[in-house]
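Dear colleague,

I am handing over the structure that I mentioned, and I would be glad if you kept it open beside this message while you read. Please take your time over it and look up each residue as it comes.

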Amino acid sequence: MKTLENTTFNESTDAYQPIIAGTYPAHVTAFESREINESIVFNLTFKLADKVGEMEVPVYSQVDGTYTASLDEKQNPITRKATHLVGKEIRSAGVWLTPNPKEGEGWKNRKYKEFFESIGVAFPVDDNGNTALGEIEEDDVLGFPCLAKVGEQQFTNKEGEEKTTMRVFVTYPWNGGQKLSADEIGSDVPF
């Protein structure tokens, strides 16, 4: 074996660190929508913000193909700054809008309303407390900050294998978060 100078690997500091379920400061960096069975599903992509690098997250090690939290000699979880998560992009699980819901089925649009209000969309409210939900467009959310709640989603791929991916399920307002400029998002931005 040829020896390489300054080339080492340490499982506790150099191993792959998975995205851990949690709530992270993020920005909307991509937007898609499509019609399915007279409803509209929205899929957004969120980029984890620089602020995530200040957060402490557990260090994980791979044991028998499964990630397990690393513990110190006193069996306390080992943590580190989440700098490895800064800039990671995570898609939403899909947010559904049911246009013209049947009588008594307005509840179907609660998640849509709350998800997009947390990003900064202001839907008009009339004097009777009715919120007029419009169809969100890319310009309404691209670059906007929020706190993105990330968790695991199970699915079966085309080969019939069970897989797990990370998705954004819920958004919360990020007080103090600043909207990204077109340059900070990328060159394909329409504004």
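What follows is an account of what was found, taken topic by topic.

Please bear in mind from the start that this is a predicted model, and that the values below are computed from it.

**The nonpolar core**

A good place to begin is the largest nonpolar core, which has 35 residues, and within it F42, L44, F46, F116, I119, I136 and V141 are the residues that touch the most other members. Several elements contribute to this core, since at least two of its residues come from each of β1, β2 (39–48), β8 (95–97), α2 (110–119), β9 (145–156) and β10 (162–172). Which strand gives the largest share of the core? That strand is β2, with 5 residues.

Strand β2 also holds I40, and this residue counts as buried because its relative accessibility is 8%, where the cut-off for buried is under 20%. If you look for T98 next, you will see that I40 and T98 are 58 residues apart along the chain, while their C-alpha atoms are separated by 6.6 Å.

**Salt bridges**

How many salt bridges does the structure hold? There are 6, and three of them are described here, beginning with the one between E32 and R91, whose closest N and O atoms are 3.1 Å apart. E32 belongs to strand β1 and R91 to strand β7 (residues 89–91), so this pair ties together parts of the chain that are 59 residues apart in sequence. Both partners are partly exposed, as E32 has a relative accessible area of 42% and R91 has a relative accessibility of 28%.

Two further salt bridges are found in helix α2, and you may like to find them one after the other. In one, the side chains of R110 and E114 meet with an N to O distance of 3.1 Å, and these two residues are 4 residues apart in the helix, which is about one turn. Here the partners fall into separate classes of accessibility, because R110, at 55%, counts as exposed, whereas E114, at 39%, counts as partly exposed. In the other, E117 pairs with K113, and the closest N and O atoms are 2.9 Å apart. Why are E117 and K113 separated by about one helical turn? The reason is that they are 4 residues apart in helix α2. E117 is partly exposed, with a relative accessible area of 29%, and K113 is likewise partly exposed, with 25%.

**A charged patch on the surface**

Turning to the surface, you can pick out a negative patch that is formed by E35, E38, E135, E137, D139 and D140. One of these residues, E35, lies in strand β1, which covers residues 22–36. Is E35 buried or exposed? It counts as exposed, because its relative accessibility is 67% and the cut-off for exposed is over 50%.

**Loop residues**

Some residues in the loops deserve a careful look at their backbone, and one of them is N37, which has a positive phi of about 50 degrees although it is not a glycine. N37 sits in the loop between β1 and β2, and it counts as exposed because its relative accessibility is 73%. Q75 is another residue that is not a glycine and yet has a positive phi, in this case of about 70 degrees. Where is Q75 found? It is in the loop between β5 (66–69) and β6 (79–81), and with a relative accessible area of 55% it is exposed.

The last residue to look up is G120, which is found in the loop between α2 and α3 (138–141). G120 counts as partly exposed, since its relative accessibility is 43%. Its C-alpha atom and that of K179 are separated by 9.9 Å, and the two residues are 59 residues apart along the chain.

With best wishes

Methods
Residues numbered from 1 in each chain as written. Predicted model: local features only at pLDDT ≥ 70, side-chain atom pairs only at ≥ 80, totals over all residues. Heavy atoms only, no water. Patch = residues over 30% accessible without salt bridge, like charges linked within 9 Å, V, L, I, M, F, W, Y side chains within 5 Å. Areas by Shrake-Rupley, 256 points an atom, 1.4 Å probe, with all protein chains shown as cover. Salt bridge = Lys/Arg side-chain N within 4 Å of Asp/Glu carboxyl O. Lys, Arg positive; Asp, Glu negative; His and termini not counted. Charge placed at Lys NZ, Arg CZ, Asp CG, Glu CD. Buried < 20%, exposed > 50% of the residue type's maximum accessible area, 1.4 Å probe, protein only. Core = buried A, V, L, I, M, F, W, Y, C linked by side-chain atoms within 4.5 Å.
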